[in-house]
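Q: Could you take a close look at the ligand site in this one? I'd like to hear what surrounds the ligand and what kind of space it occupies.

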Amino acid sequence: MSDDSRPSRTEPPTEPRTALRTAAVIPAAGRGVRLGPGAPKALRALNGTPMLVHAVRALAASRAVSLVVIVAPPDGAPEVKSLLDAHALPGGTPGGSWGSTDFLVVPGGESRQESVKLGLDALPPDYDIVLVHDAARPLVPVDTVDAVIQAVRDGAPAVVPALPLADTVKEVEPAAVPGDPEPVVATPRRARLRAVQTPQGFDRATLVRAHETVTDNVTDDASMVEQLGGQVVVVPGHEEAFKVTRPLDLVLAEAVLARRRLNDGF
Ligand code: C5P
């Protein structure tokens, strides 16, 4: 892991002559049962600040992102709105509040897919590029966000950041009883596999069509575009864009924040 892996604002995506406006949708309505009992996952604190606030800051750190739509737990939109109001710093700070980036809060649904759809429905018309970013990936560096946006601006209808895998992956026949031995069905070649992160970036019309058409339960938005025959491309992801899923991930996330503070010199 290199020391300069913390977020840094390098080259923002270049503006084409007719600038394509970029909005982000953050599904944050999950309960996060794998993290253990407590508040909904997005509202759990990392170093005293809710994970969702970190995630909004991470996207607002990109100069290209001018609107963030946060999809709150179905009964939690007012709470999330006041939380964000409490953390917003109009005008922004060098370290990264959302400054001039607007945000909207809408109530979410039963599945991630439904939550993203509700976020898309709330988007004003004048946005051509949409990012979808899990609240559970609070530490994604701005360079990763910008690389995704740039690839969409360069013409890809769907873009995902991803990393090669460290582990070999087996496909199994899942056991009927959890914990029972599971027969291995196949071992895909590791060199051809990528672990996919967010933000995933889309030409808006492509993503809207995917959400209107695909009804299978999916775990990411790009796979809906694949199902419609659309091309999805991968750009390099970042190890700090990991998903906070289990208790150990909280420890790792706080360690990353501590390292960033050290590197920032305060
Ligand atoms: O459950 P998983 O970790 O895949 O969730 C990914 C993201 O989707 C999280 O940010 C979670 O809050 C969000 N989600 C949602 N609505 C749901 C379920 C999950 O917005 N009903």
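A: First, a term: a polar contact here is a pair of N or O atoms within 3.5 Å (within protein, one must be able to donate a hydrogen and the other to accept it, and residues adjacent in sequence count only if both atoms are side-chain atoms). This is a predicted model, where local features need pLDDT of at least 70, side-chain atom pairs count only at pLDDT 80 or more, and totals for chains, interfaces and linings use all residues. Residues are numbered from 1 along each chain as its sequence is written, and side-chain values use heavy atoms, with hydrogens and water left out.

On to the contacts. A backbone N or O atom of Ser111 is 3.4 Å from a nitrogen atom of the ligand. Pro27 also uses a backbone N or O atom, which lies 2.8 Å from a ligand oxygen atom. With Lys41 it's a polar side-chain atom, 3.3 Å from an oxygen atom of the ligand. On its own the ligand has 470 Å² of accessible area, and the protein covers 83% of that (areas are by the Shrake-Rupley method with a 1.4 Å probe).

Widen the view to the shell, meaning residues with a heavy atom within 4 Å of the ligand. There are 15 of them, and the closest are Pro27, Ala29, Gly30, Gly109 and Ser115. By class the shell splits into 5 nonpolar, 4 polar and 6 charged; Ala, Val, Leu, Ile, Met, Phe, Trp, Tyr, Cys and Pro count as nonpolar, Asp, Glu, Lys and Arg as charged, and the others, Gly among them, as polar.

As for the space, the ligand sits in the largest pocket, in the sense that more than half of its atoms lie within 2 Å of the pocket's grid points. A pocket is an open set of points on a 1 Å grid over the protein atoms alone, where a 1.4 Å probe fits, with protein on both sides within 12 Å along at least five of seven lines; lining residues have an atom within 4 Å of a point. The volume is about 1400 Å³, counted as the space filled by probe spheres set on the points, which are joined across faces, edges and corners.

Lining that pocket are 44 residues, with Arg34, Asp134, Arg137, Lys243 and Thr245 nearest its centre. Helix 3 (112-121), strand 7 (158-164), strand 10 (194-196) and helix 7 (247-264) each give two or more residues to the lining; helices (H or I, at least four residues) and strands (E, at least two) are DSSP runs, numbered from the N terminus. The lining has 19 nonpolar, 12 polar and 13 charged residues.
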